[in-house]
Amino acid sequence: MSLDHYLVLAGILFSIGAATVLLRRNAIIVFMGVELMLNATNLLLVTFSRMHGQLDGQVLAFFVMVVAAAEVVVGLAIIVSIYRTRRSASVDDVNLLKS
Amino acid sequence: MHTLMSWATSVPMSEIGPSTAEPVRAGIYAVAPLLVGLPLASAALLLLLGRRSDRWGHWLGVLASAGAFVIGLLTFLAMLGRDSSSRVLDVHLGTWIDAGAFHLDAGMRLDPLSMTFVLLVTFVGTLIHIYSVAYMDHDRDRRRFFAYLNLFVAAMLVLVLADSYLLMFVGWEGVGLASYLLIGFWNHRTPYAVAAKKAFVANRIGDIGLIVALGLMFATFGGVDFGTVLGADMSGVSQATLTGIGLMLLLAACGKSAQFPLQSWLGDAMAGPTPVSALIHAATMVTAGVYLIVRSSAIFDAAPTAQLVVVIVGAITLLFGAIVGCAKDDIKKALAASTMSQIGYMVLAAGLGPVGYAFAIFHLVTHGFFKAGMFLGAGSVMHGMDDQVDMRRFGGLARYMKITYVTFGAGWLAILGVPPFSGFWSKDKIIESAFIPTDGHTWRAWLFGMVALLGAGITSFYMSRLFFMTFEGERRWTTKADGGDQHPHEASRLMTWPMIILAIGSVGLGAVLASGSRFVDWLAPVTGSGEHGEPVLPAGVLIALTLVLVIAGAVLAWRRYAISTVPVIPPIGAPLTRAARVDLYQDAVNDALLVEPGLHLTRSLVYADKAVVDGGAVGIGQTTVGLGQILRKTQTGFVRSYAATMLIGLVVLVVAVLVIQS
Amino acid sequence: MSAVVHAALAGGTQTSGAEEALFWVLAPVMVLAAFGLLFARKAVHAALSLIVVMISLAFMYVAQGAVFLGVVQVVVYTGAIMMLFLFVLMLVGVGSSDSLVETIRGQRWAGWLAGLGLAAVLAGVLGTALYPDPVGLDEANAPTNPEGVARVIFSQHVFAMEVVGALLVTAALGALVLTHRRRLTPKRGQRELADLRVEGGHHLAPLPAPGVYARHNAMDVPALDPYGDPIESSVPRVLRVRGQEADAAEYAARIDRVLAGRSAKGDATNPPPAADPAGQPVNAPDIADAVAGVDLEGDGK
């Protein structure tokens, strides 16, 4: 088995995550889609790290995780505060950008 | 600059003609900048203080002008004490412009020519200042009037004292501004404001000429100061360029001096208060064109074509003004036409070359006195007649205004050229010079000489007409008994004394300056002393001819306007008279040739601007708005739509990259 | 054991058989779980399937030699992030199921197009990319993977590390600020509540307890005031609302009767119950009857 399989798996996961972001309306699930995409990227990074025999990929994946943690904290806080004011967690309800 | 240096060192001192200068710093010359500074400071003070200086502002104005005169006089005396070959002095004031290769110092050129002007401007100016104190007594804006007068004096002094064409241009524009402000001094009356605008626009056309000339000079000589331009070696410059510069300078002179074809503004400029007409539109500013031509003598001497054009312009204007003057009933407009005509004489003389420069300036000085005197006299008449300017409603005023009558009479005789009054000495010399053939062209001598001679005759007629209609004949004005309330009276002493002094000048100045060709010698360092050719007719014959014509004109006027009854309502008159009344259709011609096409051009430009430029701009805007309206539909506000757009865009981008790479 | 794992899952240049087996087991599970995220009607199910994906990923990390990252994946992602997700899910309503009917016109179409297109494009990229021969992490991981990672982080990326730390603090603060709710009314303390009660003219002292009588010490029996009248408010409100309250007047009457009977029988009540040979109060049947009667009546209501 070559290492390509990991890459293909990461690609599939990433695409599914992207589709989740586009197709789901619950803000939390959309967020989870984003997390899935980040995870797929991490898998890619780890695999590349192994390919090149260097640990930088892993370190980068580590940073991705930490940043993702921060992002989740803030994002969920936003979702919660939106939910509090609008009683809805649907991303389609937040469309005030439209004039 | 090196051109000047090498030139100056290579020429022996004895042969130094026009436009060599030695820098000076010490003595009276050190305070020369005050010549400009005093009136300028006074003007600024009066304008800035506003109504607070209403009570004493006019006296400050008089003081500033008188102070300038005193300084001018001291400088003049100091200059008299110098050897005649070292009378061209430069007072360096400092670096004005230092931009790369272009370096220009601001400085003052003190030489006989500029000193002549300084004395004329400050002396006549001071007299007119004093006169104005009384004349403008009832005007609530008298202080502002004096501020403008001082501004004019300062600008005029900058004009004549500048040591470079660029600095002269500053003064040139300054006098234009002062003239505009003073013509439109009563700008609450629309025709006056329009007259001011007309004068300003006509001057602008001339100014363009000066600007172009400046550019040509800079391109040709690499500088615009007198030293560089006038000291340059003209033989190395193409004739076309010199002619171009000369014609452009002439255009500038035409605008400022109301010469054909830019003369139409001068008559309307009489809308200004009479002292303004006396100072600016008779004695000083309108002669700036003559100054410009004489100052640029080095250029004109090297460009005979331009010189010929100058003479032609002078001759045309001379006749033009004289003919117009015969028909005008407005005393000030008749005097304005006369001014135009007399400046025509000066321009003609200036165009004759070295023979005429000195006489042009000579006539300029005497004219400054007698014409200013007559304008002040006219102002005195208006003052006594409730601002009536129609000569057909004067008549027989000699009994009521004796001083005015006498002083005006002195001016009248002077302008007629009756010996021994001033005008005789200067005008006769010009006529004589006109008869001297230049470059062997005898026909020119005959043509221009006859024109000058004819002009003298016509001048005699219309000035006598003016004089007789005003002071002789029966009274045509209304008294209380008739229901009117005009009661002619002599003006106050503040007004009569300046008139008296100017009259004395009109009587004696010419003889004093002409005796022993004193004035010509005085100007020689600037104008050079051209050797006289012989006129085509002997000088004695010319004098006799002139006198005959003058007397004929005066007698004709006496018969028509003093003895016979002058109708109050102007008769229809001959076609020439009707044409002359409307300035020989000059305004109509201007309107038809310039104003109407200009208006049409402007309108079509406006239309084009609206259709093409605005249309383009608006079209772009509308297209953008339309596009925005379409694109707005894609802005649903749904985050997921945006995300889908982003992702599809990413896919497309990567596909594109892959396609390109493969 | 660890040696075996190390040998099998060291992230060497070549995949071992064990790793291959692990991959082929985990990969389908992960893809299926990911699809669960896409299709699950309930958000909780989606979160659970995402946890499956993440734990599987942790396995794969370890298999690829990234031991430290595998542990961090479990701790941070599944342990912290996903728990946070679940918390929030519970906060915003765990029961709410998400309708899968699309409301934005063309969005479903665009979403599928983008997703499939992305997959195709990624496949294209992966297919066309040139990979080096795998080097393996044996060398880099010596002596252990966490040490290697630590060496890289704290030498080359130490500044990034610090920045990330600051980012985390900021994020925590941000979450606090974002979810902070401003108090619109002044807080009600004990004193304010007491003042309100006095102002309202309500009962100030604690309410009387129900069922003060020895034999009827039940919640549904109201207490009696000194005049023998029942106090309605002593019975819990719930019972009153349900109508399960005993008739206080009836009780009062019976008790009065009982009391009166006892006094008629004499001083039998004076001796303590222990003195009774039968071990029962003398008048027990009476009271029992009375109670039974009441109970029966109560049941019959």
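**Contacts and helix packing in a predicted three-chain model**

Where chain A meets chain C, 62 residues of chain A and 72 residues of chain C take part, contact here being C-beta atoms, placed from the backbone, that lie within 7 Å. On the chain A side, helix 1 (4-23), helix 2 (27-52) and helix 3 (56-86) each give two or more residues; helices are DSSP runs (H or I) of at least four residues, numbered from the N terminus. Helix 3 of chain A chips in the most, with 22 residues. Sorted by class, this side of chain A has 41 nonpolar, 14 polar and seven charged residues. Nonpolar covers Ala, Val, Leu, Ile, Met, Phe, Trp, Tyr, Cys and Pro, charged covers Asp, Glu, Lys and Arg, and the others, Gly among them, go down as polar.

A word on the basis of all this: the model is predicted, with local features needing pLDDT of at least 70, side-chain atom pairs counted only at pLDDT 80 or more, and totals for chains, interfaces and linings using all residues. Residues are numbered from 1 along each chain as its sequence is written, while chains are lettered from A and ligands numbered from 1 in the order in which they are written.

The contact between chains B and C takes 11 residues from chain B and 12 residues from chain C. The chain B side splits into eight nonpolar, two polar and one charged.

One spot on chain C that touches chain A is C:Pro132, in the loop between helix 5 and helix 6 (145-155) of chain C. C:Pro132 counts as exposed because it has 9 C-beta neighbours inside 10 Å; the cut-off for exposed is 12 or fewer, for buried 20 or more, and partly exposed falls in between. Setting aside neighbours within four places in sequence, C:Pro132 is in contact with A:Met51 and A:His52.

Helix 25 of chain B (residues 639-661) has 23 residues and reaches 33 Å from first C-alpha to last, close to the 33 Å expected at 1.5 Å a residue, where the expected span is 1.5 Å times one less than the number of residues. Its buried residues are B:Arg640, B:Ser641, B:Ala643, B:Ala644, B:Leu647 and B:Val651. Their cover includes helix 1 of chain A together with helix 5 (107-128) of chain C.

Within chain C, the axes of helix 3 (residues 43-63) and helix 4 (residues 67-92) come within 8 Å and cross at roughly 175°. Axes are lines fitted to C-alpha atoms, for helices over the stretch in contact, with angles from 0 to 180 degrees between N-to-C directions. The two helices of chain C are therefore roughly antiparallel, a label for angles over 145 degrees. Their contact has 19 nonpolar, three polar and no charged residues. In chain B, helix 12 (residues 288-295) and helix 15 (residues 331-351) have axes that come within 10 Å and cross at roughly 5°, making them roughly parallel, the term for angles under 35 degrees. B:Gly289, B:Val290, B:Ile293 and B:Val294 of helix 12 meet B:Ile343, B:Met346, B:Val347 and B:Ala350 of helix 15.

As for confidence, the model scores ipTM 0.92 and pTM 0.59. Chain C averages a pLDDT (the predictor's confidence in each residue, from 0 to 100) of 76, with 73% of the residues at 70 or above. Among its elements, helix 11 (residues 284-300) has the lowest mean, 44, and helix 3 the highest, 92. Residues 264-301 of chain C stay under 50. Where pLDDT is low, the predicted coordinates should not be read in detail.

Definitions and conventions. Contact = placed C-beta atoms within 7 Å. Parallel < 35°, antiparallel > 145°, perpendicular 65-115°, else oblique.
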